[in-house]
Structures are given as structure tokens and as C-alpha cells.
Amino acid sequence: MNPETTPVRMFSQQPAEFQLKETSPSLGGEKIVGGRRVAGEKAGAFDLVEKMEYLFVRVVKARELPAKDITGGLNPYVEVRNGNFKGTTKHFEKNHNPEWNHVFAIAKDRLQATSVEVMLKDKALVADDLVGLVRFDLNEVPTRVPPDSPLAPEWYRLEDKKGEKVKGELMLAVWYGTQADEAFAYATHSDATPAVDAQILNSYVRAKVYHAPRLWYVRVNIIEAHEIFASDKSRIPEVLCKARIGSQMMKTKAIQSRMPIFQWNEEFMFVAAEPFEEQLVLSVEDRIGPSKEEVIAHVHIPLTSVDKRVDDRNIRPKWFNLKKPVVVVDMDQLKEDKFSSKVHVRICLDGGYHVLDEATQYSSDLRPSAKPLWKPPIGVLELGILTADGLHPTKTREGKGACDSYCVAKYGHKWVRTRTVVDNLSPRFNEQYTWDVYDHATVLTVGVFDNCQLGEKSF
């Protein structure tokens, strides 16, 4: 056989469970079969994820609620119930006109009854009392498809369990929608409510988008210091200068001099993040023993006052007055220190380089710190986070293994976190995100995590 025409078979060295697998998701209403699209319904901007339908219930506010007793008002909250699903708002103390503006999203495939009940209750120490409810027949709920305007909420009169009108009204809106709905991002989801307290939902389980601050290099050239007098006059001082920004600290070599002038001319590099809330602290110190220094004087320099440089232009050095670490009350000492101590430094925020804050093999951003040096984006990265499968339990809940998973994706300065799907080893996320791309030679990183803020006992 001719070796040039012999087919070469490639065998993967990875175990089967770690190899790439072909799937057939329904993206944007279209089916992907064998790598080809099968035409179907479009889903607008969410065409990289499978369409998920939800029943949205928006609880806005209440008015004209009845008095509880002669002591005064209710402690009202709202409970939304459909079958085994139960979601609650926070409660207010002694309030007859509460306002929640809380949205619940119940997955359509999890609806367990033909109606949804919105119940207004009074929080009590022993058992909560029902004030009234509003019941909606799911066959009569309208469907909203963006970019249609949001459904306007309406006032509904409260009823008792027998259907009789009672005092008080609730402002509500109920509709069918998908994850393309604006309310999806801040809603309380049915796949995040089991074993989760309503008061921590906002903080721990909702989807979020983070923008990491831009990082800058801070160049600090410590040249010299004048009029430096140590407290111990019986010895030649051994003086050094420390520079600190936050937890980053560097120092010059220690030098001795009989004159009150000390020269170092050493340069250091720090990293600072916008909006530059930290300060550069320069501290001139006398080494009085092994690993023991005594502060002679210091100065705090706000980074917002430091010059920014985007090229190789030379930055002029400046003199800064140094202050004693404590208030001096001795009049003789005041006369001796009539000449102010000074430090001569050259400082700049260098924006011509990219601050590497991640492993080089996973770099997602190569742009310099200074925004005027950025080139226009070359395209848009779109990511659809669909599902995870075969996750291992990370904690126990009610005697069974559980996992409360969410996905994190990072590219450039933008981090995204999907909502947490509670107690599911094969969660469906179906959330879509976009980033501007400035360089092809960059990497998108996606990870799956367990939400350790929830649950009972972790493994």
C-alpha cells in the first residue's frame, strides 16, 4: 500500500466522559441535527440558547388593607403559589400600603395546577393569617414577546377562600414570557427556590454581570530625601524609604549619612485599579536594629493627583513635604524641626502597557490601560450557556446528594454569572451574553461552580 494514500486514524487519549460530544439543542426555535440547522421559530436576540417559557407574576404593591385589631396595622407579605411551588416576598412591619415590586418566574414545564394564587398574608409569631387572595386561570394569561412593551400592572380586589370580596387591593401583572423578557434577570425563579430563604435570593442566586476595574502600572522613582533627622542623635542613622499602595509594599536599600540628605534613586512598579481610591504612602524610616525600623516622616499622595502617561515622555520629579508620624508638643523639638523634611520622587500612571492579571495561556485581554490607545473592536463574541450534565453532588440535603450550580464566564473586563439552579445535577441555564472582541489571540473562560452559600452540609 502507498503510505501517502493510506488513511490515518486519530485516537483520542482522553477518557470517554471528557471527550467532545455532539448535541442537538433547539436554538432559537431551530434544531441542530448533524451540524446543520433545521428551520423553525426564531427567538430574537436569544438565538444561541433553547427557548424556555415562564409564567411571570409581578407583585407591585397593596393598598387599603384592613386593620389587624385595635393595636394597629398588619405585617403584610405576598405568597405566590402554584401546585408545590411557593414563593414569598419580604414582609413589612405595621404597613397598610406596602410596596414590593417583586417578580416571580415559574418554568412552564413545572406548572402543576391550572391556576396561580397570589395570597396576601399577615406575618405572625405562630401562624400567618390570610388577609385575601387573587386567583388567575392560566388559560386566560396573556403572552408577551419582546420587543412588546411590558405588561402594565392592574389593581385587583382581594377575595377570601370562598370567593367573597374583602377589604384591600393588590397591584399585579401576570403573563407568559421567555428568558428574553427583561424581568427574567431579576425574577425569583422556580428552579432556585427550594431550600432557599427568600431574604437571600437577591444576593446569592440571581444572575449578575460584573465589570472588573481597569488596572494601571504605577511607576515610583524614589530619588532622595532632605532634612531627615533621626530621633537618636548618638548614632549615624541608617535610612531607607518604603513605598506602599494598599497591600503592596516595597522599600529602598538602607544607607548611612552624617548629613541630613539621603539619596537612593531606585524605581519600583505597583499596580492600581480605577477609580484610584488608594493612596501612595511614602515613609522615610531609620533602621535601628535587625528587621526593626522607626518612622521618621511620611507623606500620603492621592493617586488621582498623579500624572498619566501613554507614551515615553519624561515625567518631571516633584518634591513632597514629609510629616512627622505624631504631633510634636515639645517646643525645643519644634524649633529644631523648623526646616521641613522633603522627599524627591518621580511618579506616573503608565497606561501604555497591559497589566497582566491572568495566566498568559488564558489571556482574554491584551489592551493597554489607557483607553485612547484602544483600537476599534474587530467583532462581537456571543455565548449561549445551555446546560450542564453529569454533575457530582457537592453537599447533602435531606439525606440526599445535591448540587446548587451556576456558570461563570470571563472575557476581558466583563464577568458574567448565571442564576443558580438549586438541587439539580443536570441544570438548564439557557442564558446568553455578548462581549466586544479586540484581539483574536485571546481566550474565553467558562466554569461551573457550586453555590456554597446555599444548602446544608457540604462534602
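**View 1. Tyr77 and its bridge partner on strand β8.** In strand β8, Lys121 is the bridge partner of Tyr77. This and the other views come from a predicted model. Strand β5 covers residues 76-82 and strand β8 covers residues 115-122. The two strands pair in the antiparallel sense, with 6 bridges between them. Tyr77 has another companion here: the charged end of Lys123 sits over the Tyr77 ring, 5.7 Å from the ring centre.

**View 2. Strand β5 and its hairpin with β6.** Stay with β5 and look at its pairing with strand β6 (residues 85-88), which runs antiparallel to β5 and is joined to it by 4 bridges. One of the contacts to look for is Val80, whose bridge partner in β6 is Gly87. The two strands form a hairpin with 2 residues between them. In the turn you will find Gly83, which has a positive phi of about 60°. Of the 7 residues of β5, 6 are buried, so this strand is largely enclosed by the rest of the structure.

**View 3. A stacked pair of rings, Tyr406 and Phe449.** A pair of aromatic rings is described by the distance of the centres and the angle of the planes. The model has 8 aromatic pairs. For Tyr406 and Phe449, the ring centres are 5.9 Å apart and the planes meet at 20°; planes under 30 degrees apart count as stacked, so this pair is stacked. Tyr406 belongs to strand β27 (residues 405-411) and Phe449 to strand β30 (residues 445-450), so the pair ties together parts that are 43 residues apart in sequence. Tyr406 counts as buried because its relative accessibility is 15%, while Phe449, at 43%, counts as partly exposed.

**View 4. An aromatic cluster and a charge over a ring.** Here you can trace a cluster in which ring pairs link Tyr54, Phe56, Trp175 and Phe184. Elsewhere in the chain, pick out Arg367, which lies over the face of Tyr438 at 4.2 Å from the ring centre.

**View 5. The largest cavity and its lining.** Rolling a probe the size of a water molecule over the atoms shows where empty space is left. In this model there are 2 cavities of 30 Å³ or more. The largest holds about 170 Å³ of space. Its lining is made up of 16 residues, and those nearest the centre are His354, Val355, Asp357, Asp365 and His413. Sorted by class, the lining has 6 nonpolar, 4 polar and 6 charged residues.

Technical notes
Residues numbered from 1 in each chain as written. Predicted model: local features only at pLDDT ≥ 70, side-chain atom pairs only at ≥ 80, totals over all residues. Heavy atoms only, no water. Phe/Tyr/Trp six-rings, centres within 6.5 Å; stacked < 30°, edge-to-face > 60°. Buried < 20%, exposed > 50% of the residue type's maximum accessible area, 1.4 Å probe, protein only. Lys NZ or Arg CZ within 6 Å of the ring centre and 35° of its normal. Pairing = 2+ DSSP bridges. 1 Å grid on protein atoms, 1.4 Å probe; cavity = no way out; pocket = protein on both sides within 12 Å on 5 of 7 lines; lining within 4 Å. Points joined across faces, edges and corners; volume = space filled by probe spheres on them. Nonpolar A, V, L, I, M, F, W, Y, C, P; charged D, E, K, R; others polar.
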